[in-house]
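Biologist: Before we discuss anything, could you put the sequence and the structure in front of me? I would like to ask what stands behind each term you use.

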Amino acid sequence: MFHPGKRAGHGYVLELDGFPMKITSYILFIGLLILVGCSATANSPVTTATTTVSPQSAATEIRVLPTPASPGDSITWRNLQVTMQATEVTEDYVTDYGSTRSPSPGQKFLWVHIQLKNAGQAQVDVPAAEHFSVLFAAAELKPTYGHRQGFMDYTALGPVLFPNQELGAWLRFDIPSTAELSDLRFVFLPESSQVGTSFSSPDYPYAKDKATYVWKCGP
């Protein structure tokens, strides 16, 4: 309980349960401001800023094989001159031992004759057979054992070529019986043994910064 007291200055002295309290107009005004501020803070919504990061799509570089050369055309890689001179398809062949070899069902033999020449002043290595491929549709075909009677097999060549030395030999490939020469591409990969890990015919991806030479196998 409070009781009005005596007038003192511009206010009154009240007694609240025996304790004096002086109430003035500016105290009431300050109290009102505090109440209004607290109420506004409690009722104001909190806005959280969010940042959305858009995913970046990875750019995929598509590399295609060089324009194929024609049979008889030559290329030179580090003083090694390579010429794909001719191609031939057979249903069977006679080996160096006189026996006849037939292809697996659904296949036939493709023979590719290449000429190598050392155009430099120092000896050069003869490329291994796995550095050559034949492309058909979405398949990369590798050479296999041949040794056709009367023909020099590529695997029988020596390991090096001396300056101005020139050698010719044949590579054997097993191709589908439905394949035509015009459907095939012969590839020389001096720094690799594979055109690519995946294929998208007729545009074949190939290793970036790797030398790749291509010939048509037919007209």
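**Terms and their grounds**

Modeller: Let me begin with one residue, Asn118, which has its place in strand β8; please keep in mind that this is a predicted model.

Biologist: Why is Asn118 called buried?

Modeller: Buried means under 20% relative accessible area, and because Asn118 has a relative accessible area of 0%, it is counted as buried.

Biologist: What makes up the surroundings of Asn118, leaving aside its neighbours within four places in sequence?

Modeller: Asn118 is then in contact with Asn79, Gln123, Val124, Leu161, Phe162, Pro163, Asn164 and Gln165. As for polar partners, the side chain of Asn118 reaches the backbone oxygen of Ala122 at 2.8 Å, and a polar atom of that side chain lies 3.2 Å from the backbone oxygen of Phe162. A polar contact requires N or O atoms within 3.5 Å, so these two distances satisfy that cut-off.

Biologist: Why does Glu140 count as buried?

Modeller: Glu140, which lies in strand β11 (residues 139–141), has 18% relative accessibility, and because the limit is under 20%, Glu140 counts as buried. Its side chain is joined to that of Ser133 by a polar contact of 2.7 Å, while the backbone nitrogen of Val195 lies 3.0 Å from a polar atom of the Glu140 side chain.

Biologist: Which residues have the most contacts inside the largest nonpolar core?

Modeller: That core has 31 residues, and those with the most contacts inside it are Ile114, Leu116, Tyr154 and Phe186. Two or more residues come from each of β4 (74–77), β5 (80–90), β8 (107–118), β10 (132–136), β13 (166–176) and β14 (184–188). Apart from it lies another core, of six residues, including Leu135, Val187, Leu189 and Val214.

Biologist: What does Leu116 touch, not counting residues up to four places away in sequence?

Modeller: Among the residues that Leu116 touches are Leu80, Val82, Val126, Pro127, Tyr154, Leu157, Leu161 and Leu167.

Biologist: How do you know that β4 and β5 pair?

Modeller: Two strands pair if there are at least two bridges between them, and β4 and β5 have four bridges in the antiparallel sense, so they count as paired. Within this pair, Thr76 stands opposite Gln81 in β5 and Ser74 opposite Thr83 in β5. The two strands form a hairpin with two residues between them, and Arg78 in the turn has a positive phi of about 50 degrees.

Biologist: What makes β4 and β13 edge strands?

Modeller: Each of them pairs on one side only, in an open sheet of four strands that runs in the order β4-β5-β8-β13 with antiparallel pairing. Neighbouring strands of this sheet are turned by 30 degrees against each other on average, direction ignored.

Biologist: Where do the side chains of β4 point?

Modeller: In a regular strand the side chains alternate between the two faces of the sheet. Along β4, Ile75 and Trp77 point to one face and are buried, whereas Ser74 and Thr76 point to the other face and are not buried.

Biologist: How many helices and strands are there in the chain, and what share of its residues is buried?

Modeller: The chain has one helix and 15 strands, and buried residues make up 32% of its 219 residues. Of the contacts between residues at least 6 apart in sequence, 69% join residues at least 24 apart. The chain exposes about 14,000 Å², with carbon and sulfur atoms supplying 56% of that area.

How values were computed
Residues are numbered from 1 along each chain as its sequence is written. This is a predicted model: local features need pLDDT of at least 70, side-chain atom pairs count only at pLDDT 80 or more; totals for chains, interfaces and linings use all residues. Side-chain values use heavy atoms; hydrogens and water are left out. Buried means under 20% relative accessible area, exposed over 50%, partly exposed in between (1.4 Å probe, protein chains only). Contact means heavy atoms within 4.5 Å. Accessible areas come from the Shrake-Rupley method with a 1.4 Å probe; for residues, only the protein chains shown count as cover. A nonpolar core is a set of buried Ala, Val, Leu, Ile, Met, Phe, Trp, Tyr and Cys residues joined through side-chain atoms within 4.5 Å. Axes are lines fitted to C-alpha atoms, for helices over the stretch in contact, and angles run from 0 to 180 degrees between N-to-C directions. A polar contact is a pair of N or O atoms within 3.5 Å; within protein, one must be able to donate a hydrogen and the other to accept it, and residues adjacent in sequence count only if both atoms are side-chain atoms.
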